[in-house]
Amino acid sequence: MDCRGQSNPALPLPIASRGEDLYGSNWSLAAIANLAAFLFYPPPYILRSPMTRARVLLLTAALGPLDYRVPYGSEAPLGSVVVAPLGPRKMGGVVWEDSAFGAPEAVGDNRLRNLYEVVPVPPVPAPLRRLVEWTSDYYLAPPGAVLRMVLPGAAFSDARRPIVEYRATGALPARMTPQRSVALEKIGERQGMVRELAALAEVSDAVIRGLVNAGALEAVSVAADAPYPEPDPGFAPPDLSDEQAASAAQLRDAVTAAKFETLLLDGVTGSGKTEVYMEAIAAAVEAGRQTLVLLPEIALTEPMLTRFAARFGCEPVPWHSGLRATERRRAWHAIASGEAKIVVGARSALFLPYAKLGLIVVDEAHETSFKQEDGVHYHARDVAVMRGHFEGLPVVLASATPALESLAMVEAGRYRHIELPARFGGATLPDLTAIDMRQDPPDRGTWLAPPLVAALADRLQKGEQSLLFLNRRGFAPLTLCRTCGHRIQCPNCTAWMVEHRLVHRLACHHCGHVMPPPRLCPECEDEDSLVACGPGVERVADEVGLRFPEARVAIVTSDTLWSPAKAAEFVDNVEGGLVDIIIGTQLVTKGYHFPNLTLVGVVDADLGLDGGDLRASERTFQQIAQVAGRAGRGVKPGEVLIQTRVPDAPVMAALVANDRNGFYAAEAAARKFAGAPPYGRFAALVISSEDIEIARGVAQRLGAKAPVAEGLAVYGPAPAPLAMLRGRHRFRLLLHAPRSFDLQGTIRAWVDSIEWPTKARLAIDIDPYSFV
Ligand code: ADP
Ligand code: ZN
């Protein structure tokens with residue numbers, strides 16, 4: 001993890017140290033020979049202008065900055081994007097200040113290698129370089145790994161060079177195999193490079209090439225990247241209510257002031273937060289500046305694009321992992337040139353090199369999916385605020401259920417609080433009622449209690465829509481043997497295999513391992529003894545199908561809404577009245593606005609309370625408040641039924657009493673008492689290895705050297721709750737400290753104090769959200 005002070009392994013060994021003892025006291029013959037050599041073969045800097053060295057931060061996690069020579073005749077000012085030699089390879093990088101990241105080993109001019117190329121794209125601006133440094137420093141991540149988020153591959157692909165993509169011709173190949181037919185079906189109308197289509201269809205590149213040769217796919221040249229249309233701030237501005245107008249004016253002023261400020265746009269679901277922050281975006285467009293809107297899920301980008309198009313006359317520029325290579329290249333270059341005025345994206349859009357950024361909006365800012373859980377473990381909401389700080393621009397955090405962290409910043413006077421307490425257009429907030437599952441249990445083998453079944457029947461009869469929320473994908477979370485009690489576990493992870501009945505598979509939700517459902521118990525080999533335990537959304541859908549055969553059901557999970565196009569199709573179907581009952585995971589809890597949806601049923605409200613996570617209550621509150629917010633958004637009022645076994649738990653009581661402030665106050669008091677975030681800090685260290693003894697050994701050595709300091713507590717090492725993940729054994733150490741404690745410095749020194757075997761990996765998670 002320490003990546004400072006490494007020398008370039010590609011450099012040749014030092015040749016003669018010419019002139020080294022020139023001014024020493026002993027004039028040896030060798031020294032005189034050296035002086036002669038110096039006079040006859042003067043080093044280049046005597047003849048030419050001073051040689052230009054450039055310190056370059058390369059796009060690799062393994063190395064710190066290295067020095068290179070800028071070829072004679074070129075220029076590489078700070079921030080320049082370059083391609084440099086690294087051993088036998090070429091690697092991208094950015095010219096950086098000498099002062100950052102500590103000095104690499106001094107390398108003499110004569111040992112420097114030439115940069116290959118200064119890439120003709122705008123230099124990475126200084127504020128973004130500061131953000132990369134800050135992120136690396138705060139999250140203890142290699143700066144090169146952070147820089148990769150600024151410069152994805154798209155940055156190096158020439159925007160003018162055409163790329164060949166393929167799409168279906170509609171003709172079927174003469175020789176049709178089941179594999180080819182499935183591949184063509186999965187590709188559908190989509191277009192992409194061979195590699196992309198192969199990934200999409202889950203086949204090898206060769207299968208795609210075969211389809212090209214057979215005439216089923218044809219080449220399309222995606223030429224010069226077309227410019228994006230300009231959003232028109234005056235295209236269709238809404239008639240804001242007085243309350244909305246007052247909030248919008250504050251946001252507009254913040255954009256015009258072009259100064260750093262964080263504004264918490266805190267409004268109940270359906271209050272018009274999106275309409276209000278779009279006014280701020282309009283102000284940024286008017287000022288000729290770019291806006292970045294961060295969303296917690298890719299699935300939300302598509303409906304958002306449509307919504308923006310209705311307001312600004314054209315779609316904004318999307319950025320997320322689902323883009324094709326050509327789309328990425330087009331978007332990256334437009335972002336770096338300043339041409340992309342409004343960018344809507346997932347957290348990976350945060351580090352892109354916007355040329356003229358004027359505003360950042362983090363929508364659904366309380367969402368924990370803004371926290372990245374692998375690679376650089378950063379929190380996009382927090383880094384967004386830091387970006388606003390370095391670039392001197394306003395950052396808007398929009399949420400109906402803000403994170404306790406954000407509310408604490410309001411209380412401390414650091415964030416401006418902008419509130420929208422009422423729904424727009426007179427729509428009322430739905431009524432929440434708890435169904436006590438101990439008193440009103442569902443029939444055996446079913447999951448919906450009688451009051452919820454009755455409410456569903458009532459909506460069906462009235463032609464209104466319902467939503468059942470259960471945060472569990474698949475059919476059943478566990479399969480066990482009735483005879484011997486064996487539970488089917490993932491071979492690579494400490495996790496049960498989840499049954500996905502629609503695709504006839506058991507799947508691990510951690511590593512993606514899949515297998516066909518076995519007929520015999522793998523342990524006792526008893527036949528037909530395996531039973532599904534507990535419900536997932538598919539099982540609830542089965543029950544709904546049995547109870548209401550005429551109902552049209554949509555299952556909404558990452559398995560069914562795996563592309564923006566699928567998400568758009570889902571929205572169209574619901575809006576078009578083609579769906580009666582939506583059954584979904586957290587994917588349906590936010591963003592959507594379906595006016596005819598009047599009933600929300602929470603199938604298992606207690607699900608998120610297990611597991612001992614410090615934010616369990618807060619998350620449960622947010623999730624249920626959000627999903628409740630989908631009900632009654634139009635003229636018809638909404639109703640929310642919450643199935644729980646603990647109706648008296650403070651979080652359930654607060655939800656039912658609509659007592660948000662009471663809940664937050666109690667939660668804040670409990671956290672303060674425990675010194676938990678935002679009033680204290682945690683950091684987690686996870687040591688992993690394929691070899692359990694290596695992982696345990698490192699964890700123990702680290703544990704033996706645990707830092708001792710006033711206020712600091714170190715827990716562990718202990719096997720992580722997810723003791724094995726993707727075939728790696730995991731041990732955890734957890735640090736707990738007061739807010740002001742220098743956790744990063746402590747961890748840095750601690751981790752450097754032991755020897756690290758190459759087979760052990762360390763993941764550091766500052767401000768962790770996941771405790772597995
Ligand atoms: P939130 O983001 O707070 O949940 P939205 O911005 O999605 O709320 O607004 C809820 C619904 O009300 C949306 O359909 C939106 O278009 C509509 N709406 C909100 N404010 C206005 C307004 N001033 N004029 C017209 N429609 C509005
Ligand atoms: Zn697994």
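User: Which residues of helix H5 are buried?
Analyst: In this predicted model, Arg180, Ala183, Leu184 and Ile187 are buried in H5, which spans residues 178-187. Buried means under 20% relative accessible area, exposed means over 50%, and partly exposed lies in between (1.4 Å probe, protein chains only). Helices (H or I, at least four residues) and strands (E, at least two) are DSSP runs, numbered from the N terminus.

User: And why are those four on the same side of H5?
Analyst: They cover an arc of only 95 degrees around the axis, so they sit on the same side of H5. The arc is that of the directions from the helix axis to the C-beta atoms. As background, an α-helix has 3.6 residues a turn, so residues three or four places apart point the same way.

User: What do the buried residues of H5 pack against?
Analyst: They pack against helix H6 (194-201), helix H7 (205-213) and strand E8 (217-222). Contact here means heavy atoms within 4.5 Å. On the other side of H5, Pro178 and Glu185 are exposed. Just after the helix, Gly188 has a positive phi of about 55 degrees.

User: Before we go on, how should I read the numbering and the cut-offs?
Analyst: Residues are numbered from 1 along each chain as its sequence is written, while chains are lettered from A and ligands numbered from 1 in the order in which they are written. Because the model is predicted, local features need pLDDT of at least 70 and side-chain atom pairs count only at pLDDT 80 or more, whereas totals for chains, interfaces and linings use all residues; side-chain values use heavy atoms, with hydrogens and water left out.

User: Thanks! New topic: which residues come nearest to ligand 1?
Analyst: Of the 16 residues around ligand 1, Gln244, Lys273, Thr274, Glu275 and Arg307 come nearest. A residue is near a molecule or strand if one of its heavy atoms lies within 4 Å of it. Helix H9 (residues 273-286) gives the most to this shell, with three residues.

User: Which side chains have a polar atom by an oxygen atom of ligand 1?
Analyst: Glu275 has a polar side-chain atom 2.8 Å from a ligand oxygen. For Arg307 the distance is 2.9 Å, and for Arg633 it is 3.2 Å. The protein covers 79% of the 560 Å² of accessible area that ligand 1 has on its own. Those areas come from the Shrake-Rupley method with a 1.4 Å probe; for residues, only the protein chains shown count as cover.

User: How many residues of each class are in that shell?
Analyst: There are four nonpolar, seven polar and five charged residues around ligand 1. In this scheme Ala, Val, Leu, Ile, Met, Phe, Trp, Tyr, Cys and Pro count as nonpolar, Asp, Glu, Lys and Arg as charged, and the others, Gly among them, as polar.

User: Switching again: is Arg387 buried or exposed?
Analyst: Arg387 counts as buried, because its relative accessibility is 0%. Arg387 is in helix H12 (residues 380-391). Not counting residues up to four places away in sequence, Arg387 touches Leu128, Leu131, Leu350, Phe351, Leu352, Pro353, Tyr354, Leu357 and Ile360.

User: What about Arg615, buried or exposed?
Analyst: Arg615 is buried as well, at 3% relative accessibility. Arg615 lies in the loop between strand E25 (597-602) and helix H17 (616-628). Leaving aside neighbours within four places in sequence, its contacts are Glu405, Arg671, Pro677, Pro768, Tyr769 and Phe771. A polar atom of the Arg615 side chain is 3.2 Å from the backbone oxygen of Pro768. A polar contact is a pair of N or O atoms within 3.5 Å; within protein, one must be able to donate a hydrogen and the other to accept it, and residues adjacent in sequence count only if both atoms are side-chain atoms.

User: Where are the cis peptide bonds you can point me to?
Analyst: One is the bond from Pro677 to Pro678, with omega near 5 degrees. Pro678 is in the loop between helix H19 (660-674) and strand E27 (680-689). Another joins Gly716 and Pro717, with omega about 10 degrees, and Pro717 is in strand E28 (residues 713-725).

User: And what is the phi of Glu202?
Analyst: Phi of Glu202 is near 55 degrees, a positive value in a residue other than glycine. Most residues other than glycine have a negative phi, and most peptide bonds are trans. Glu202 is in the loop between H6 and H7 and is exposed, with a relative accessible area of 60%. Asp767 also has a phi near 55 degrees, and Asp767 is in the segment after strand E30 (761-766).
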